[in-house]
Amino acid sequence: MIRIFSMLVGAFFSLALLWSAGKGTVAYISEPPAKTVEAEFHQHPKALSLSSDGPFGKFDRQQLQRGFQVYSEVCATCHAIKQVSYGDLRELGYNDAEVKAIAAKAQIPEYNPATGEVKTHPGALKDHFPPVVYGGSGNPPDLSLIAKARHGGAAYVYSLLTGYADQAGYKNEKGEELLKKFPDAKTPDGLFFNPYFANLNIAMPQPLVSDGQVAYKDGTKATVDQMAQDVAAFLVWTAEPKLEKRHQTGWPVLGFLLFATVLAYMAYRTVWAEKKGH
């Protein structure tokens with residue numbers, strides 16, 4: 001009797017679940033929810049090709065140095081890269097003297113647990129980039145891992161930096177004008193319209209505003225597009241500094257695993273040959 005009762009209860013809940021799901025499906029089809037301004041006007045990252053892309057990718061050291069220069073002269077006033085040490089910059093192609101000179105320009109805070117005092121000392125190779133004290137509104141994120149933390153990675157960074165637009169008259173790919181379709185979606189004061197940002201409005205003012213904002217030491221023309229590509233490439237490196245070694249190690253490991261698989265299969269065939277009549 002208890003078993004029959006349990007089956008009836010289970011059948012009742014199954015039917016209730018199916019009825020609820022069916023009713024919800026019918027309601028969704030007949031009266032679909034209104035699309036939000038983000039769904040209609042948010043843009044996916046632009047295409048970006050870097051030398052580090054793909055399983056055989058390698059970093060372009062010249063581009064990484066240019067990207068570090070853009071970070072240092074434009075981004076570092078608001079954003080830190082706390083996961084990176086000054087000694088790591090040797091991976092960009094700088095020699096020890098150059099890295100020491102870069103580190104020495106920074107003042108690294110050092111907490112003394114005995115006295116509770118915080119003193120500073122000039123940066124050294126072992127030190128990580130210090131945190132940035134930002135006095136404005138908002139909370140600028142640390143950029144060390146931003147290329148891994150955001151969907152689209154480097155393409156997202158590049159698109160965001162080059163994606164600032166005038167909201168007035170802005171149209172999406174369908175040709176729909178934002179403020180005509182969503183009159184209440186006007187960007188609030190203190191924010192800036194960027195269709196590549198999740199909610200379209202970002203607290204960060206446009207950082208790359210004109211060509212030549214950075215004077216590249218290697219003579220490359222510093223267009224806004226070039227600077228955005230270079231700093232995006234640099235942030236790929238900060239997020240994955242061992243990318244090249246991972247690529248170099250990965251292929252031999254895959255080759256060894258393939259070879260070991262073939263040996264294991266041949267051993268299997270040899271051991272079981274008599275049993276299976278081979």
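Welcome to the tour! Start by colouring every Phe, Tyr and Trp ring: counting rings whose centres lie within 6.5 Å of each other, you arrive at nine aromatic pairs. Keep in mind that this is a predicted model.

**Stop 1: a pair of rings**

Select Tyr 170 and Phe 193. Their rings form an edge-to-face pair, 5.0 Å from centre to centre, with 70° between the planes. Now follow the chain from one ring to the other. Tyr 170 belongs to the loop between helix H6 (154-162) and helix H7 (178-181), while Phe 193 is in strand E3 (residues 192-193), so the pair links parts of the chain that are 23 residues apart. Are these two residues buried or exposed? Both Tyr 170 and Phe 193 are buried.

**Stop 2: Thr 187**

Stay with Phe 193 and add Thr 187, found in the loop between H7 and E3. Why does Thr 187 count as buried? Its relative accessibility is 11%, and buried means under 20%. Next, show its surroundings. Setting aside neighbours within four places in sequence, Thr 187 is in contact with Gln 167, Phe 192, Phe 193 and Asn 201. With Asn 201 there is also a polar contact between the side chains, at 2.7 Å.

**Stop 3: a cluster of rings**

Now select Phe 68, Tyr 71, Tyr 86, Tyr 94, Phe 129, Phe 234 and Trp 237. Together these residues form one aromatic cluster.

**Stop 4: charges over rings**

Two more rings deserve a look. Select Lys 46 with Tyr 158: the charged end of Lys 46 sits over the ring of Tyr 158, 5.6 Å from the ring's centre. Then select Arg 66 with Tyr 216. Here the charged end of Arg 66 sits over the Tyr 216 ring, 5.7 Å from its centre.

**Stop 5: a hairpin**

Switch to a cartoon view and find strand E1 (residues 107-111) and strand E2 (residues 118-122). They run antiparallel and are joined by five bridges. Which residue of E2 is the bridge partner of Glu 110? It is Lys 119. Between the two strands of this hairpin lie six residues, and Gly 116 takes a positive phi near 80°.

**Last stop: the annotated region**

Finally, select residues 62-239. An unreviewed UniProt entry lists this range as "domain: Cytochrome c". Over residues 62-239 the chain is 31% helix and 8% strand. To finish, pick the C-alpha atoms at the two ends of this range: they are 18 Å apart.

How values were computed
Residues numbered from 1 in each chain as written. Heavy atoms only, no water. Phe/Tyr/Trp six-rings, centres within 6.5 Å; stacked < 30°, edge-to-face > 60°. Helix = DSSP H or I, 4+ residues; strand = E, 2+ residues; numbered from the N terminus. Buried < 20%, exposed > 50% of the residue type's maximum accessible area, 1.4 Å probe, protein only. Lys NZ or Arg CZ within 6 Å of the ring centre and 35° of its normal. Pairing = 2+ DSSP bridges. UniProt positions renumbered as here; feature names shortened; annotations may be inferred. Polar contact = N/O pair within 3.5 Å; in protein donor to acceptor, adjacent residues only side chain to side chain. Contact = heavy atoms within 4.5 Å.
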